[in-house]
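Work through the exercises below with the sequence and the model side by side. Try each task before you read its solution.

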Amino acid sequence: MKLVSHDNGDSEFLFDAEVLKKLDFSRYNSNFNTPISAQEPGACLLVRPLCSTDYDKGYLQLLSQLTIVGNVEREQFLNRFSTMKACANTYYIVVVEDTSTEGIVGSASLVIEQKFSHNAGLRGFLEDVVVNDSYRGKQLGKLVVLTVCLLAEHLGCYKITLNCKDKLIKFYQSLGFSFEQDQSNNCMTIRFNQAL
Ligand code: 16G
């Protein structure tokens, strides 16, 4: 059993790791074959915030299993990490580390938009959900998605939304996401630069 670590050596967390300890997964027990949680993700697994040292633990390689990452140098990674961190209460990138290999094997991100509507409310976006192909069957996809959902609720978001491929619709529906009656969640896109 691995608990979310307090001691993070020389590296820096993107957000306060303590918040992950407060999430109560009991309502989602039935979503798992064997109940797991951010606090108890399974043997040799650790759920924690993204760290500045995760450049060397394969975070970007993992992300490239989802989409185009390009050639992001360490300095660029660290700059982006610090600009994200400087945006208070906005970026919550959750990762799963295999502590036996020290590699990042799963991740999902919560981005929080501050609004004037909904009583100056907060809207959550679930982004960049990805699990290493070799870690299938450990329920890590469900785990990272539900971690972000509970986090969004805990932080006071009035809703959380996502975009996904057709083949993943059933997966997200099984975790509580739905198409709303009035179709208010259609996703529309403008691509600015095919090279990016
Ligand atoms: C999926 C992701 C989204 C990511 C996009 C990559 C989830 C729930 N959705 O839609 O976060 O940005 O893929 O596509 O993980 P893009 O590279 O064309 O933006």
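**Exercise 1: A threonine in a helix**

Thr 147 is found in helix α5 (residues 140–154). Helices (H or I, at least four residues) and strands (E, at least two) are DSSP runs, numbered from the N terminus. This is a predicted model: local features need pLDDT of at least 70, side-chain atom pairs count only at pLDDT 80 or more, and totals for chains, interfaces and linings use all residues. Residues are numbered from 1 along each chain as its sequence is written, and side-chain values use heavy atoms, with hydrogens and water left out.

Task: Decide whether Thr 147 is buried or exposed, then list what Thr 147 touches.

Solution.
- Step 1. Apply the cut-offs: buried means under 20% relative accessible area, exposed over 50%, partly exposed in between (1.4 Å probe, protein chains only).
- Step 2. Thr 147 has a relative accessible area of 0%, so Thr 147 is buried.
- Step 3. Look for contacts, meaning heavy atoms within 4.5 Å. Not counting residues up to four places away in sequence, Thr 147 touches Leu 20, Leu 23, Phe 25, Ala 38, Val 47 and Val 94.
- Step 4. Check the polar atoms. A polar atom of the Thr 147 side chain lies 2.6 Å from the backbone oxygen of Leu 143.
- Step 5. Try a distance. From C-alpha to C-alpha, Thr 147 and Thr 67 are 22 Å apart in space, and 80 residues apart in sequence.

**Exercise 2: Strand pairing**

Task: Which way do β2 and β3 run, and how many bridges join them?

Solution.
- Step 1. Strands pair if DSSP finds at least two bridges between them. Here β2 and β3 run antiparallel, joined by 8 bridges.
- Step 2. Find the turn. The two strands form a hairpin with 4 residues between them, and Glu 102 in the turn has a positive phi of about 60°.
- Step 3. Find a facing pair. Asp 98 stands opposite Gly 103 in β3.
- Step 4. Move to the next partner. Strand β4 (residues 122–131) is joined to β3 by 8 bridges, and the two run antiparallel. Gly 106 stands opposite Val 131 in β4.
- Step 5. Ask about burial. In strand β3 (residues 103–114), 9 of the 12 residues are buried, so β3 is largely enclosed by the rest of the structure.

**Exercise 3: Two acidic neighbours in β2**

Task: Which side chains do Glu 97 and Asp 98 meet?

Solution.
- Step 1. Place them. Asp 98 is in strand β2 (residues 91–98), and Glu 97 lies in β2 too.
- Step 2. Take Glu 97. Glu 97 counts as buried because its relative accessibility is 5%.
- Step 3. Look for a salt bridge (a side-chain nitrogen of Lys or Arg within 4 Å of a carboxyl oxygen of Asp or Glu). Arg 48 forms one with Glu 97; the closest N and O atoms are 2.9 Å apart. That pair links distant parts of the chain: Arg 48 is in strand β1 (residues 45–49), Glu 97 is in β2, and 49 residues separate them.
- Step 4. Widen the view. Arg 48, Asp 54, Lys 57 and Glu 97 are linked in a network of salt bridges.
- Step 5. Now Asp 98. Asp 98 is buried yet has no salt bridge; Lys 138, the nearest side chain of opposite charge, is 6.9 Å away. For charge, Lys and Arg count as positive and Asp and Glu as negative; His and the chain ends are not counted.
- Step 6. Look for polar contacts (N or O atoms within 3.5 Å; within protein, one must be able to donate a hydrogen and the other to accept it, and residues adjacent in sequence count only if both atoms are side-chain atoms). The Asp 98 side chain makes one with the side chain of Ser 100 (2.5 Å). The Glu 97 side chain makes one with the side chain of Lys 57 (3.0 Å).

**Exercise 4: Salt bridges and confidence**

Task: How many salt bridges does the structure hold, and where does pLDDT stay under 50?

Solution.
- Step 1. The structure holds 9 salt bridges.
- Step 2. Take Asp 56 and Arg 74. Their side chains meet in a salt bridge (2.8 Å, N to O). Asp 56 is exposed, at 52% relative accessible area. Arg 74 counts as partly exposed, at 40%.
- Step 3. Check confidence. pLDDT is the predictor's confidence in each residue, from 0 to 100. The chain mean is 92, and 92% of its residues reach 70 or more.
- Step 4. Over residues 1–6, pLDDT stays under 50. Where pLDDT is low, the predicted coordinates should not be read in detail.
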